[in-house]
Amino acid sequence: MRKKIVAGNWKMNKNLTETGVLLSNLKINLENVSETEVIVAPTYTNLYYAFEELKETQIKVAAQNMHQAENGAYTGEISVDMLKSVGVETVILGHSERRAYFGETDQLLANKVNTALQHKMTIIFCFGEELQDRKSNTHFSVVEQQLKNGLFHINRADWKNVILAYEPVWAIGTGETASPEQAQEMHAFIRKTLANTYDQETADEVSILYGGSVKPNNAQEIFAKADVDGGLIGGASLDAENFTAIVNAI
Ligand code: PGA
């Protein structure tokens with residue numbers, strides 16, 4: 001049975017004090033969550049603090065990115081070993097903001113995926129089409145190419161360390177959500193593509209999250225769809241009550 005997962009991507013929000021407040025509220029609110037895996041992704045400077053705060057809880061901590069090299073002269077970058085040394089075992093890769101604002105290509109992401117898997121990190125791999133792709137009806141092939149180029153070189157055994165996050169770019173931070181039917185249609189396509197490339201068992205075991213303007217008032221109908229296994233939440237994860245409501249919507 002694949003896992004139900006709700007992950008909060010805090011992006012470049014919350015300083016140390018604000019992180020402390022949000023974490024303590026989440027600890028209280030989510031104390032009894034057991035079926036759903038909950039993950040939060042604060043910014044780099046607060047990862048160790050978050051790990052320490054959450055280590056006695058069920059809530060996991062993820063990084064929002066990492067560099068593909070093991071170490072070296074890459075000023076301003078963070079390595080996988082640095083993340084692991086502060087207790088972080090999960091990393092978001094390929095977020096559309098990384099692709100759009102920081103020039104991350106499929107090839108670069110394939111390298112990051114390799115480094116992360118070599119170190120037994122769990123990857124939340126993000127991908128999704130832009131508005132023009134959907135308008136020109138190429139969204140399925142765009143998504144398929146992103147998966148093929150960035151991820152489908154990995155071994156079957158490595159899929160146990162991969163979570164997929166389908167995030168249509170036109171729905172991120174815009175208040176515009178894919179309809180539950182649009183999400184289901186794409187998630188089913190992703191699972192079928194996985195089954196064709198690997199096998200049915202691999203496809204059935206992978207959790208596929210939906211991301212893009214998930215809020216307390218739309219989470220339930222999106223999560224109810226057969227191939228939607230949870231969500232990657234941006235804006236609404238910055239508020240403890242909203243995030244809790246979304247976790248409880250599963
Ligand atoms: P949003 O962001 O929920 O604010 O649309 C989702 C994401 O970027 O992961």
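**View 1. The shell around the ligand, sorted by residue class.** In this predicted model, the residues that surround the ligand split into 4 nonpolar, 7 polar and 2 charged ones. Together they make a shell of 13 residues. If you would like a few to look for, the closest are Lys 11, His 95, Glu 167, Gly 173 and Ser 213.

**View 2. Polar atoms facing the oxygen atoms of the ligand.** Let's start with a side chain: His 95 places a polar side-chain atom 2.6 Å from an oxygen atom of the ligand. The backbone takes part as well, with a polar backbone atom of Gly 235 at 2.8 Å from a ligand oxygen atom. For Gly 234, a polar backbone atom lies 2.9 Å from an oxygen atom of the ligand. As for coverage, the ligand has 280 Å² of accessible area on its own, and the protein covers 97% of it.

**View 3. Two lysines in the loop between strand 1 and helix 1.** Here is one for anyone who likes backbone torsions. Lys 11 is not a glycine, yet its phi is positive, at about 50°. This residue sits in the loop that runs between strand 1 (4-9) and helix 1, and Lys 11 is also listed among the closest residues to the ligand. Lys 14, likewise not a glycine, has a positive phi of about 80°. Lys 14, too, is found in the loop between strand 1 and helix 1.

**View 4. Helix 1 and helix 2, side by side.** Follow the loop onwards and have a look at how two helices are arranged. The axes of helix 1 (residues 16-29) and helix 2 (residues 47-54) come within 11 Å of each other and cross at roughly 25°. That angle is under 35 degrees, so the two helices are roughly parallel to each other. The crossing of helix 1 and helix 2 is right-handed.

Definitions and conventions
Residues are numbered from 1 along each chain as its sequence is written. This is a predicted model: local features need pLDDT of at least 70, side-chain atom pairs count only at pLDDT 80 or more; totals for chains, interfaces and linings use all residues. Side-chain values use heavy atoms; hydrogens and water are left out. A residue is near a molecule or strand if one of its heavy atoms lies within 4 Å of it. A polar contact is a pair of N or O atoms within 3.5 Å; within protein, one must be able to donate a hydrogen and the other to accept it, and residues adjacent in sequence count only if both atoms are side-chain atoms. Accessible areas come from the Shrake-Rupley method with a 1.4 Å probe; for residues, only the protein chains shown count as cover. Ala, Val, Leu, Ile, Met, Phe, Trp, Tyr, Cys and Pro count as nonpolar, Asp, Glu, Lys and Arg as charged, and the others, Gly among them, as polar. Axes are lines fitted to C-alpha atoms, for helices over the stretch in contact, and angles run from 0 to 180 degrees between N-to-C directions. Helices (H or I, at least four residues) and strands (E, at least two) are DSSP runs, numbered from the N terminus. Angles under 35 degrees count as roughly parallel, over 145 as roughly antiparallel, 65 to 115 as roughly perpendicular and the rest as oblique. A crossing is left-handed if the near helix is turned anticlockwise from the far one by less than a right angle, and right-handed if clockwise.
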